[in-house]
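Here is a short report on how one protein chain is put together. Look at the overall fold before reading on.

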Amino acid sequence: GDGPAPDAGDLLAGHDGALPEHESALVLERYGVPFAARRRAATPEEAAAAAAELGFPVVVKVDGVAHKAREGGVVLGVGSAAEAAEAARRLGGPVLVARQADPGVEALCGMTRDPDYGPVLVVGRGGVDVEDLAQVVTTVAPIDAETASELVAEAGIDDPSGTVAATLAALGRLALAHPEIVSIDVNPL
């Protein structure tokens, strides 16, 4: 919508460098980017309780590092509280427990701040193969919903709910509202 822009200054304050996944998700959710229901868990017991509360299957992942799938920091298809506790134990440290999304089209949306052009937005097919795929479309923020939809279609992404387009437009708004953000990577969406 064109209502007042959300503000994420409170969530960004005091952070220097990359935000952990949970904080990043909170910022993006304020701008309308959807995320699977998730809970933070400090111990295996908390992970088991979180999994039971969210409903199965869940994903258990290290709370922090980007590109977790490549580093073995994600356990998919966890089907019981005991499995969630075991996954948390194996991963060590705090974890995020999230509702596992139904299989669908994985998309990536991102923003990189260019010194000359300002916020550059990218959209393409996502998931673990993102670097291998040539079909990535870029543009400069800001963009409206209609332009976002056209770019998503151009990237070859089926977006019946408009979620990918809305996310792309949201990243542009967030980048313009917070010049201190250097880059954003939502993959997979």
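What covers the buried residues of helix 4? The cover includes helix 3 (44–54), strand 2, strand 3 and strand 4. Keep in mind that this is a predicted model.

**The whole chain**

The protein has six helices and eight strands. From the N terminus on, its elements run α-α-β-α-β-β-α-β-β-β-β-α-α-β. Of its 189 residues, 40% are buried. Take the contacts between residues at least 6 apart in sequence: 55% of them join residues at least 24 apart. The accessible surface comes to about 10000 Å². Carbon and sulfur atoms hold 54% of that surface.

**The sheet of strands 1 to 4**

One open sheet has four strands in the order 1-4-2-3, with antiparallel pairing. Strand 1 (38–41) and strand 3 (74–78) stand at the edges. Each has a single partner strand, so one side of each is left without a neighbour in the sheet. From one strand to the next, the twist averages 20°.

Now look inside this sheet. Strand 2 (residues 58–62) and strand 4 (residues 95–99) pair in the antiparallel sense over five bridges. Val-58 has Arg-99 in strand 4 as its bridge partner. Helix 2 (residues 21–30) lies across strand 1, strand 2 and strand 4. Helix 2 runs at about 150° to strand 1.

**Two helices with a buried face**

Start with helix 4 (residues 81–91). Its buried residues are Ala-84, Ala-85, Ala-87, Ala-88 and Leu-91. Seen down the axis of helix 4, these residues fall within an arc of 160°, so they line one face of the helix. A general rule helps here. An α-helix has 3.6 residues a turn, so residues three or four places apart point the same way. On the other side of helix 4, Ala-82 and Arg-90 are exposed. Gly-92 follows helix 4 and has a positive phi, near 70°.

Next comes helix 5 (residues 145–154). Here Ala-148, Leu-151 and Val-152 are buried. Down the axis of helix 5, its buried residues fall within an arc of 100°, so they too line one face. The face turned away from the buried side carries the exposed residues Glu-146, Ala-153 and Glu-154. The cover over the buried residues of helix 5 includes strand 6 (118–125), strand 7 (136–140) and helix 6 (163–177). Just after helix 5, Gly-156 takes a positive phi of about 80°.

**The sheet of strands 5 to 8**

Another open sheet of four strands has the order 7-6-5-8, again with antiparallel pairing. Its edge strands are strand 7 and strand 8 (183–186), and each pairs on one side only. Neighbouring strands of this sheet are turned by 15° against each other on average, direction ignored.

Strand 5 (residues 107–114) and strand 6 are antiparallel and pair over eight bridges. A hairpin joins these two strands through three residues. Strand 6 and strand 7 also run antiparallel, joined by five bridges. Three residue pairs from these strands are listed here.

| Residue | Partner | Strand of the partner |
|---|---|---|
| Cys-109 | Val-123 | strand 6 |
| Met-111 | Leu-121 | strand 6 |
| Val-123 | Val-137 | strand 7 |

**The nonpolar cores**

Which residues touch the most other members of the largest nonpolar core? They are Val-123 and Ile-184, in a core of 31 residues. The elements that give two or more residues to this core are helix 2, strand 5, strand 6, helix 5, helix 6 and strand 8. Helix 6 gives the most, with eight residues.

Val-123 deserves a second look. Not counting residues up to four places away in sequence, Val-123 touches Leu-108, Cys-109, Gln-135, Val-136, Val-137, Leu-151, Val-152, Ala-155, Ile-157, Val-164 and Leu-168. Two of these names, Leu-151 and Val-152, were met above as buried residues of helix 5.

Apart from the largest core lies another core, of 15 residues. Its members include Ala-41, Val-58, Ala-84 and Leu-91. Ala-84 and Leu-91 belong to the buried residues of helix 4. Val-58 is the residue bridged to Arg-99.

Technical notes:
Residues numbered from 1 in each chain as written. Predicted model: local features only at pLDDT ≥ 70, side-chain atom pairs only at ≥ 80, totals over all residues. Heavy atoms only, no water. Pairing = 2+ DSSP bridges. Axes fitted to C-alpha atoms, helices over the stretch in contact; angles between N-to-C directions. Contact = heavy atoms within 4.5 Å. Buried < 20%, exposed > 50% of the residue type's maximum accessible area, 1.4 Å probe, protein only. Arc of directions from axis to C-beta. Core = buried A, V, L, I, M, F, W, Y, C linked by side-chain atoms within 4.5 Å. Areas by Shrake-Rupley, 256 points an atom, 1.4 Å probe, with all protein chains shown as cover.
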